[in-house]
4 protein chains.
Amino acid sequence: MTSPSEDPADLDRAAPEAEIAARAAAVRNWGRWGEADVLGTLNFIEPAKRVEAAALVREGTVVSLSQAFDTNGPQKGWRRRTNPVHTMTDTGTDAERGSQGFPHGIGGADDVIAMPLQCSTQWDGLGHIFDHGNAWNGRRAGDVVTSDGDLVTGIEHAASVIVSRGVLLDVGRHLEPDTGELADGYAITARDLESTIAAQGPSSAVGRGDIVVVRTGQYARARRDGWGDYAGGPAPGLSLTTAAWLHRTEIAAIATDTWGFEVRPNEFDVPAFQPLHQVAIPNMGLTIGEMWDLDGLAEICAQRGQWDFLLSAAPLPITGAVGSPINPVAIL
Amino acid sequence: MTSPSEDPADLDRAAPEAEIAARAAAVRNWGRWGEADVLGTLNFIEPAKRVEAAALVREGTVVSLSQAFDTNGPQKGWRRRTNPVHTMTDTGTDAERGSQGFPHGIGGADDVIAMPLQCSTQWDGLGHIFDHGNAWNGRRAGDVVTSDGDLVTGIEHAASVIVSRGVLLDVGRHLEPDTGELADGYAITARDLESTIAAQGPSSAVGRGDIVVVRTGQYARARRDGWGDYAGGPAPGLSLTTAAWLHRTEIAAIATDTWGFEVRPNEFDVPAFQPLHQVAIPNMGLTIGEMWDLDGLAEICAQRGQWDFLLSAAPLPITGAVGSPINPVAIL
Amino acid sequence: MTSPSEDPADLDRAAPEAEIAARAAAVRNWGRWGEADVLGTLNFIEPAKRVEAAALVREGTVVSLSQAFDTNGPQKGWRRRTNPVHTMTDTGTDAERGSQGFPHGIGGADDVIAMPLQCSTQWDGLGHIFDHGNAWNGRRAGDVVTSDGDLVTGIEHAASVIVSRGVLLDVGRHLEPDTGELADGYAITARDLESTIAAQGPSSAVGRGDIVVVRTGQYARARRDGWGDYAGGPAPGLSLTTAAWLHRTEIAAIATDTWGFEVRPNEFDVPAFQPLHQVAIPNMGLTIGEMWDLDGLAEICAQRGQWDFLLSAAPLPITGAVGSPINPVAIL
Amino acid sequence: MTSPSEDPADLDRAAPEAEIAARAAAVRNWGRWGEADVLGTLNFIEPAKRVEAAALVREGTVVSLSQAFDTNGPQKGWRRRTNPVHTMTDTGTDAERGSQGFPHGIGGADDVIAMPLQCSTQWDGLGHIFDHGNAWNGRRAGDVVTSDGDLVTGIEHAASVIVSRGVLLDVGRHLEPDTGELADGYAITARDLESTIAAQGPSSAVGRGDIVVVRTGQYARARRDGWGDYAGGPAPGLSLTTAAWLHRTEIAAIATDTWGFEVRPNEFDVPAFQPLHQVAIPNMGLTIGEMWDLDGLAEICAQRGQWDFLLSAAPLPITGAVGSPINPVAIL
């Protein structure tokens with residue numbers, strides 16, 4: 001099998017199924033970590049990598065890479081993806097007025113939330129996407145995710161895993177130095193990723209077990225101009241043709257500051273939907289993060305001239321979830 | 001003002017209001033970090049502390065300290081505290097059957113959750129508890145938490161803060177070496193905490209900016225015997241008389257493996273409810289964690305003879321929340 | 001085909017599949033109202049029946065047949081069936097304190113709810129139960145109900161339908177005149193239903209298009225003694241052998257004051273689950289109501305010696321729902 | 001006290017507080033039904049009225065007046081008013097595939113919903129609106145609605161009440177015979193209501209205990225053109241000056257086909273919000289319905305030349321709710 005081209009210009013824009021199939025075959029990791037595997041490329045994170053990453057903590061600064069979780073988010077209800085609804089079951093107003101019935105002057109506030117697990121900053125679990133009815137590691141989708149949730153690869157399996165060296169690739173700043181923002185629809189190529197690494201210098205070298213965070217600048221734009229179509233609309237993002245780069249670098253996970261990780265509209269002239277997800281999640285076993293806030297971190301990294309850090313981004317162990325809201329923190 | 005006794009035997013068990021008031025006055029930190037403060041004792045975490053903590057990462061092991069988030073939890077509906085309800089909006093079964101209407105063989109699974117923010121492993125935010133209508137830093141409770149949430153000290157303010165040196169005090173193992181489990185109703189004293197530190201050795205020394213995690217063993221019991229009254233029933237936990245210890249050690253935060261942090265039933269013969277919360281949260285500004293799973297970490301620490309580690313436990317930045325579900329990880 | 005026995009003593013208690021299959025075949029209404037039908041036996045309600053029922057309104061009394069919808073309900077989380085969680089997004093306390101920011105002294109209170117559609121008084125829709133992968137009218141279950149909901153027979157189709165003559169059969173009072181309560185596990189037979197009708201007199205005659213409400217007395221017991229295992233535990237209810245009665249009477253719908261309509265434990269010595277549902281819903285197309293409060297109505301009917309009334313019980317038109325919370329009202 | 005003008009031209013558009021106060025004083029019903037009252041004008045429904053209404057059932061037709069409850073609704077998240085999120089906990093796809101683990105071939109589908117109680121067709125309860133911190137019957141708002149819900153006038157109190165004679169006033173058709181739709185911003189006056197009654201004839205006479213449903217035609221427009229700003233934007237609706245008409249007719253309740261019942265923008269040149277609610281709910285004790293679908297009923301009434309019918313619109317008895325989703329049905 002010859003390797004599929006890494007140049008978007010070579011894509012047959014009328015044939016998504018074939019272009020996807022070729023890349024899926026080229027990067028497929030089924031069986032690589034055994035038949036029972038539930039972690040995919042997260043297996044690349046070895047303990048030594050974490051020790052190496054911890055040594056990057058030199059200032060003791062923590063930067064949250066999470067967007068807010070609240071009703072003022074970008075979601076518009078697509079496939080029931082709404083913004084979080086946070087409500088109080090007890091309030092300070094009630095406590096102050098003496099309505100709560102507790103003894104000795106104690107009062108309390110409590111709250112509940114209802115939200116899609118992918119409403120804001122999150123990890124996609126390995127059960128989130130299927131390729132022709134196949135889930136990660138070659139399992140049948142219906143054996144993995146029923147209405148009871150992900151019975152096999154639920155996000156809870158990653159609860160003690162996702163801490164590693166993080167590397168910020170600020171592609172927005174590298175390619176658009178004036179604005180720091182890629183245009184919607186811009187397809188980031190493997191060449192772009194490599195040139196960003198080269199420009200940023202050795203601290204942004206990417207290798208096995210690293211977690212790569214790619215800043216496009218779209219979230220900065222949304223913050224400035226309003227959400228608009230941030231959720232599901234046109235966006236900069238990774239080209240389908242980066243699949244081989246994602247595979248050969250042996251990264252553990254990757255995240256962007258956009259809704260959908262990959263470029264939108266997708267790179268086809270016929271109906272298509274998230275083709276790089278279809279290659280990366282069920283075939284490669286890659287954990288993907290979306291809707292991260294990378295702007296503050298980007299400023300700090302640029303000032304320091306250092307682009308790697310300890311990244312702590314363990315998901316909530318929601319049993320059977322195919323994704324998890326997270327507050328990833330860069331510690332540096 | 002003389003300091004209140006640190007011996008539970010001295011408590012006037014008929015006078016919770018007075019006993020609470022004395023301790024509240026003794027530990028009150030209002031104004032200590034300025035009028036606008038929203039972090040309380042989390043301010044004790046200085047950058048150097050995090051650098052020191054990162055140096056504790058020697059093996060590259062990550063241990064999740066989170067219990068599961070699912071419908072099989074301990075909650076029974078008290079004040080609408082239910083267990084999480086996690087449901088799927090798309091499934092693998094549907095994808096495999098071809099019901100989803102996506103192009104080129106891609107399929108997906110997606111999910112939503114409805115849950116109290118304190119249903120499982122969590123941080124109590126500073127707006128969670130009031131003392132006679134007063135919230136942290138002396139604000140009026142009704143100025144802080146309305147039905148719109150915590151307008152001042154919402155948990156989102158801690159999103160880039162809660163990473164520090166963690167210290168496990170395995171009081172259960174120290175006081176009950178045979179079982180490793182304290183009895184329900186056992187009130188942990190400052191003396192118990194100090195004797196645990198002494199027994200465990202220098203790696204468990206506790207000081208400014210540390211996050212202390214106290215293992216009682218009750219969760220191990222619940223895991224073995226069933227939840228029973230884990231949520232709100234009798235439990236081992238900190239005595240009201242530890243308030244001074246919590247204050248003078250200048251710890252940043254503290255967590256236990258129980259539902260309610262402090263001993264239950266509370267240490268009074270008249271109606272009482274969580275008196276140590278009333279002292280610690282609104283007066284001292286202490287962030288408290290509950291329902292942590294400390295059993296796996298305890299085994300590792302005992303084997304290594306080392307009780308401190310890098311603790312990464314940033315909350316989800318849910319705007320205006322008075323608590324947050326978390327997956328705290330010990331990195332060691 | 002000979003008709004299956006209507007005597008529970010004749011059931012082969014080791015062979016649920018055969019006993020169910022025989023009855024399913026005997027009562028199957030597939031195609032009776034055309035291939036496109038989405039209403040099943042609700043088709044029996046003809047306009048003239050409603051005019052007849054309206055003529056029963058002689059006193060102008062309305063009796064709600066609904067249990068409460070709140071957190072103090074019987075649900076225990078089985079298959080994520082929890083009690084409703086009702087929370088406020090605005091309160092009177094806030095309004096009174098002036099926290100809401102509205103002009104000219106107006107204030108407001110608002111609320112949200114999260115609940116299973118079958119948490120309290122409800123109708124089962126036709127997509128609620130399947131028989132060997134078949135849904136009502138012979139459709140394949142996977143063509144009808146996906147994670148997008150019931151795409152064919154959703155409860156919204158009954159929004160303008162369920163108003164008819166209601167008939168209360170107070171089997172509890174008839175068979176247990178002292179207590180008015182059948183024992184848990186008591187299987188109501190067709191003979192019991194007929195003897196109740198005979199005892200109550202002509203106003204309880206049951207025929208085409210009627211909605212029958214059967215009082216067992218179990219809810220009165222739960223109200224008095226606490227919920228206990230009301231949700232899913234032992235209960236009086238209809239015997240599997242009543243399937244033929246349900247069919248030949250041509251009733252439109254039926255409801256009981258129990259969690260599960262049919263007798264529990266089910267009438268088999270091997271694992272079995274709701275066999276009468278399996279016969280009645282997908283095969284007969286019968287709409288079934290559960291968890292109704294029939295106690296107040298029973299008192300009134302007994303006093304008047306009249307057992308029929310206008311019953312208005314239209315479901316909420318929740319698109320694609322397989323059931324609906326309702327407040328059925330008897331108007332008499 | 002002279003009666004406030006019923007002509008919108010007389011309103012002082014710079015003085016909402018005074019205009020509201022004058023009308024609140026003129027229509028205030030506090031104490032009219034005793035100090036303990038929880039029903040307000042619903043008390044006007046006497047049993048004889050229901051018997052009279054039942055006699056209007058001549059054809060046996062049922063018309064649902066409910067809009068759909070689903071994710072494709074008009075809500076945009078204002079004050080956390082979202083559209084309903086309906087999700088499945090069990091599906092037919094799973095049942096057909098054999099994933100559910102039930103015996104003898106039975107399969108099931110089940111579902112949950114999360115929704116604001118005012119997301120679609122609903123009643124406003126008496127605890128929904130306050131006037132200067134006062135709730136219905138002169139109670140203090142904070143004594144009535146806390147974060148535990150409406151402790152006094154919760155919607156559950158109306159569970160056995162709201163069945164009466166309904167009268168449709170198709171103001172849209174009367175004033176705009178070509179389109180049947182009033183323009184957004186059109187303020188319906190008492191004169192408009194009376195002229196509609198006169199034009200429609202004696203079957204639309206309005207008096208004590210009736211429930212009036214006013215069709216503006218805006219929902220027909222939204223159905224045709226898309227929701228746009230249906231939720232909270234400009235709309236036709238009742239003028240503040242109709243308060244006296246609402247009072248002197250002694251109607252039990254009123255509903256419209258719009259989001260907010262009253263005309264929007266409200267009739268002032270300074271910031272104002274729902275002034276007629278402020279008069280009608282806490283002062284008059286009037287139950288108000290919103291977001292009803294009156295188009296089908298309007299066609300039938302016009303064809304028959306009869307505008308009254310039996311209206312059955314009991315709320316779900318959600319304990320402590322300040323509103324309820326409903327499926328009101330006209331039976332005629």
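**Exercise 1.** Which side chains meet in a salt bridge at 2.9 Å, N to O, between chain B and chain D? Then describe the interface around this pair.

*Solution.*
Step 1. The model is a predicted one. In it, the side chain of B:Arg80 forms a salt bridge with that of D:Asp148, at 2.9 Å from N to O.
Step 2. Check the pair against the cut-off: a salt bridge needs a side-chain nitrogen of Lys or Arg within 4 Å of a carboxyl oxygen of Asp or Glu. Side chains of opposite charge can pair when their charged atoms come close.
Step 3. Count the interactions. The interface of chain B and chain D has 4 salt bridges by the rule, and 9 residue pairs are in polar contact there, both at pLDDT 80 or more.
Step 4. Find the elements. On the side of chain B that touches chain D, strand S2 (85-90) and helix H3 (92-97) of chain B each give two or more residues. H3(B) gives the most, with 4 residues.
Step 5. Sort the residues by class: this side of chain B has 2 nonpolar, 4 polar and 5 charged residues.
Step 6. State the extent. Contact involves 11 residues of chain B and 11 residues of chain D. The buried area is about 1000 Å², with 41% of it on carbon and sulfur atoms.

**Exercise 2.** Describe the interface of chain A and chain B, and find how strand S4 of each chain takes part.

*Solution.*
Step 1. Start with the extent: 92 residues of chain A touch 92 residues of chain B. About 7000 Å² is buried between the two chains, and carbon and sulfur atoms give 59% of this.
Step 2. Count the interactions. The rule finds 6 salt bridges across this interface. One of the salt bridges in the model joins A:Arg81 and B:Asp110 at 2.6 Å, N to O. There are also 43 residue pairs in polar contact, both at pLDDT 80 or more.
Step 3. Locate the main contributor. Strand S4 (residues 110-116) of chain A supplies the largest share of the side of chain A that touches chain B, 7 residues.
Step 4. Sort by class: that side of chain A holds 45 nonpolar, 32 polar and 15 charged residues.
Step 5. Follow the strands. S4(A) pairs with strand S4 (residues 110-116) of chain B in the antiparallel sense, over 5 bridges. Opposite A:Ile113 stands B:Met115 in S4(B).

**Exercise 3.** Which two domains does the assignment give for chain A, and how many Å separate their centres?

*Solution.*
Step 1. Domain 1 covers 12-75 + 118-331, and domain 2 covers 82-114.
Step 2. Taken over C-alpha atoms, the centres of these domains of chain A are 37 Å apart.

Key. Residues numbered from 1 in each chain as written. Chains lettered and ligands numbered in written order. Predicted model: local features only at pLDDT ≥ 70, side-chain atom pairs only at ≥ 80, totals over all residues. Heavy atoms only, no water. Contact = heavy atoms within 4.5 Å. Buried area = accessible area lost by both parts, 1.4 Å probe. Polar contact = N/O pair within 3.5 Å; in protein donor to acceptor, adjacent residues only side chain to side chain. Nonpolar A, V, L, I, M, F, W, Y, C, P; charged D, E, K, R; others polar. Pairing = 2+ DSSP bridges. Domains from an automatic or database assignment.
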